[in-house]
Amino acid sequence: MAVTLAAGATPKLTLNPLESIQTMTAYIVQVSQGDTPAGTVEYRTIFAVGLTLFFTTMLMNVLAQWVLRRTREKYE
Amino acid sequence: MSLQTSNRHSRSRLLSHAFAGICLLSTLSCIAALILLLWQVFSHGIDWLTWDFIRNLPSRFPAKAGIRSALAGSLWLLGLTTVISVPIGIGAAIYLEEYANKNRWRTLVQTNIANLAGVPSIVYGILGLGLFVRFMALERSILAGALTLSLVVLPIIILASQEALRAVPPSIRSASFALGATKWQTVWHQVLPASIPGIMTGVILAIARALGEAAPLLAIGAVAYIPFAPSRLSDEFTALPIQIFNWSARPQEDFHSVAAAGIIVLLGVLICLNAIAVFVRYRASKRIRW
């Protein structure tokens, strides 16, 4: 949410870092705040976006743990 | 010493100084950011931070707006989240560290917990929306909010508690077993008391994070305008970060100052929490004598 205050909430595909954009987090909040009834397409998209977020972080975590296992030295 | 080697020496010394300088600069930039942040918040908000601000309910008019319902909501969430997540978190940590066999299954669980600790909190928010708000029909209640926040902080508490349990020397356990203590006696009377300071630190850090979370609460449908201080588990609620987010998103300049005053209140609660943690840790660590 801290990012939303600074980066804005404009869903726009751009490579320009100076433009206002929307994060996945902000999108989920925006949809769930709008009081969407369960079962509609909007309601189901936030679960899809959440799943994408989850798998992104999982990939990074697995990668980090792989790097850690390879580089950590055992002293005892 | 030949000219060449002395040259090399002075160059490596220069490099070493430059590196130290860069590191110092990094540290200073962190401190500068903190000072800038505090200065900005206090210069904007301190005039708005009155007794009425703490006591009043939210309002359309900046001059009348207060933080009472958000403060009450945050304190409710804080208490409930602690009560729910701390016993489960410490229990899970004890099982994983003291009881579980080191096999593939434990590695799988461990990897999962480490992964969950890094998942963005909004993901827990939609889990809470689907599970607590809709499926268990808790609606937008304090209880649903506290359960969602408990999910957010559980992995952090488990990992920190595991770290604290691992820091207890194995010789303590062996000595306890050698004196005829059972597994339960060893864990309860030796390992757990020795690891309490570390566990407490982890718990406080986790709870402080829960206090600052807005995204998962917004996802389960907490709204900023609650014209009463919640008094039951099933009441609707708002929390400090949500209220601050809402105020700072408004166009009126005055509301930004009100938001700054809200941030001061949030910082105050955080500092109180940390003070309690330091005190408890000090008391607990005084009792350990090896």
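Among contacts in chain A of this predicted model between residues at least 6 apart in sequence, 18% join residues at least 24 apart. The chain holds 3 helices and 0 strands, so that its elements, read from the N terminus on, follow the order α-α-α. Of the 76 residues of chain A, 24% count as buried, and the chain exposes about 5,900 Å², of which carbon and sulfur atoms supply 65%.

A search of the whole structure for paired aromatic rings returns 4 aromatic pairs over all chains. One of them, formed by Tyr43(A) and Phe47(A), is edge-to-face, with 5.2 Å from centre to centre and 65° between the planes; the angle places the pair in this class because edge-to-face requires planes over 60 degrees apart. Both residues belong to helix H3 (residues 41-71) of chain A, where they are 4 residues apart, about one turn of the helix. With a relative accessible area of 9%, Tyr43(A) is buried, whereas Phe47(A), at 30%, is partly exposed; the two residues fall into these classes because buried means under 20% relative accessible area and exposed means over 50%, with partly exposed in between.

Another aromatic pair, that of Phe53(B) and Trp247(B), is tilted, with a centre-to-centre distance of 5.9 Å and an angle of 40° between the planes. Phe53(B) is located in helix H2 (residues 51-55) of chain B and Trp247(B) in helix H10 (residues 240-248) of chain B, and the pair therefore ties together parts that are 194 residues apart in sequence. Phe53(B) counts as buried at 3% relative accessibility, and Trp247(B) is likewise buried, its relative accessible area being 0%.

Charged side chains also lie over aromatic rings in chain B. Lys183(B) is placed over the face of Tyr99(B), at 5.4 Å from the ring centre, and Arg250(B) over the face of Phe255(B), at 4.3 Å from the ring centre.

Two helices of chain B were examined in further detail. Helix H5 (residues 121-135) of chain B comprises 15 residues, which at 1.5 Å a residue should span 21 Å; the end C-alpha atoms of the helix are 20 Å apart, in agreement with that expectation. H5(B) nevertheless contains a kink of about 35°, centred on Gly128(B), and just after the helix Ala137(B) adopts a positive phi of about 55°. Gly128(B) is also one of the buried residues of H5(B), which further include Ser121(B), Ile122(B), Val123(B), Tyr124(B), Gly125(B), Ile126(B), Leu129(B), Phe132(B) and Val133(B). The cover over the buried residues of H5(B) comes from both chains: it includes helix H2 (24-33) and H3 of chain A, together with helix H4 (104-118), helix H6 (142-166), helix H8 (183-212) and helix H9 (215-219) of chain B.

H4(B), which is among the elements covering H5(B), likewise has 15 residues, and the distance from its first C-alpha to its last is 22 Å, close to the 21 Å expected at 1.5 Å a residue. The buried residues of H4(B) are Arg106(B), Gln110(B), Ile113(B) and Asn115(B), and these pack against H3 of chain A together with helix H3 (68-99) and H6 of chain B. H3 of chain A, the helix in which Tyr43(A) and Phe47(A) both lie, thus appears among the elements that cover the buried residues of H5(B) and among those against which the buried residues of H4(B) pack.

Definitions and conventions: Residues are numbered from 1 along each chain as its sequence is written. Chains are lettered from A and ligands numbered from 1 in the order in which they are written. This is a predicted model: local features need pLDDT of at least 70, side-chain atom pairs count only at pLDDT 80 or more; totals for chains, interfaces and linings use all residues. Side-chain values use heavy atoms; hydrogens and water are left out. Rings of Phe, Tyr and Trp (its six-membered ring) pair if their centres lie within 6.5 Å; planes under 30 degrees apart count as stacked, over 60 as edge-to-face and the rest as tilted. Helices (H or I, at least four residues) and strands (E, at least two) are DSSP runs, numbered from the N terminus. Buried means under 20% relative accessible area, exposed over 50%, partly exposed in between (1.4 Å probe, protein chains only). A charge sits over a ring if NZ of Lys or CZ of Arg is within 6 Å of the ring centre and within 35 degrees of the ring normal. The expected span of a helix is 1.5 Å times one less than its number of residues. The bend at a residue is the angle between axes fitted to the seven residues ending there and the seven starting there. Contact means heavy atoms within 4.5 Å. Accessible areas come from the Shrake-Rupley method with a 1.4 Å probe; for residues, only the protein chains shown count as cover.
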